[in-house]
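The following explanation leads the reader through one protein structure, step by step. Please keep the sequence and the model in view while reading.

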Amino acid sequence: MADKTTTKLPSTEEKDVLFRAGLGTKRVQFEVDDNDNDVIKKLSSDELKDGQTIGFPQLQSCGGFELLKCKQNCRELITCKWDVMTLKSFLGNQSKIYIDDQFKVI
């Protein structure tokens, strides 16, 4: 998400701007035993796999971020721990989550 105060899912135009900034849709895979620090490291990773970054390296310098999940036409803050087992029980095996930086616009 480009604006920390946004209350709606990004429009097509906003998604395009985020994509061009390297912040578009990305599939990040976690291991079952990943703890919350592992999740944060993978989400903000600048490591390469098959020529693509695993995570979003821009998150390393944004000052903090939160994970958001959406329900029909709205967004709801994920209020659970960020370890994989808790996320899996809260979200299921696969889910679309939005990352919102808390301190500055990326």
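How do the residues of the lining of the second largest pocket divide into nonpolar, polar and charged? The model to be examined for the answer is a predicted one. In this lining, two residues are nonpolar, four are polar and nine are charged. The pocket itself holds about 350 Å³ of space. Its lining consists of 15 residues, and those nearest the centre are Arg-27, Val-28, Gln-29, Lys-49 and Ile-54. Two elements each give two or more residues to this lining, namely helix H2, which covers residues 36–43, and strand S2, which covers residues 52–53.

The largest pocket may now be considered. Its volume is about 1200 Å³. A total of 33 residues line this pocket, and Lys-26, Val-28, Ser-95, Lys-96 and Ile-97 are the closest to its centre. Helix H1 (12–20), helix H3 (84–91) and strand S5 (97–101) are the elements that contribute two or more residues to the lining. The chemical character of this lining can be described in the terms used above: 19 of its residues are nonpolar, seven are polar and seven are charged. Val-28 is thus listed among the residues closest to the centre of the largest pocket, and it is also listed among those nearest the centre of the second largest pocket.

Strand S5 leads on to the sheet. Three strands form an open sheet in the order S4-S3-S5, and their pairing is antiparallel. Why is one side of S4 and of S5 left without a neighbour in the sheet? Strand S4, residues 74–77, and strand S5 stand at the edges and have a single partner strand each, so each of them has one side with no neighbour in the sheet. On average, neighbouring strands of this sheet are turned by 40° against each other, if direction is ignored. Between strand S3, which spans residues 65–71, and S5 there are five bridges, and these two strands run antiparallel. Within this arrangement, Leu-68 stands opposite Tyr-98 of S5.

A final stop is a loop. Ser-45 is found in the loop between H2 and strand S1, the latter comprising residues 48–49. Is Ser-45 buried or exposed? Its relative accessible area is 8%, and a residue counts as buried when this value is under 20%; Ser-45 is therefore buried. The side chain of Ser-45 also reaches the backbone nitrogen of Glu-47, at a distance of 3.0 Å.

How values were computed: Residues numbered from 1 in each chain as written. Predicted model: local features only at pLDDT ≥ 70, side-chain atom pairs only at ≥ 80, totals over all residues. Heavy atoms only, no water. 1 Å grid on protein atoms, 1.4 Å probe; cavity = no way out; pocket = protein on both sides within 12 Å on 5 of 7 lines; lining within 4 Å. Points joined across faces, edges and corners; volume = space filled by probe spheres on them. Helix = DSSP H or I, 4+ residues; strand = E, 2+ residues; numbered from the N terminus. Nonpolar A, V, L, I, M, F, W, Y, C, P; charged D, E, K, R; others polar. Pairing = 2+ DSSP bridges. Axes fitted to C-alpha atoms, helices over the stretch in contact; angles between N-to-C directions. Buried < 20%, exposed > 50% of the residue type's maximum accessible area, 1.4 Å probe, protein only. Polar contact = N/O pair within 3.5 Å; in protein donor to acceptor, adjacent residues only side chain to side chain.
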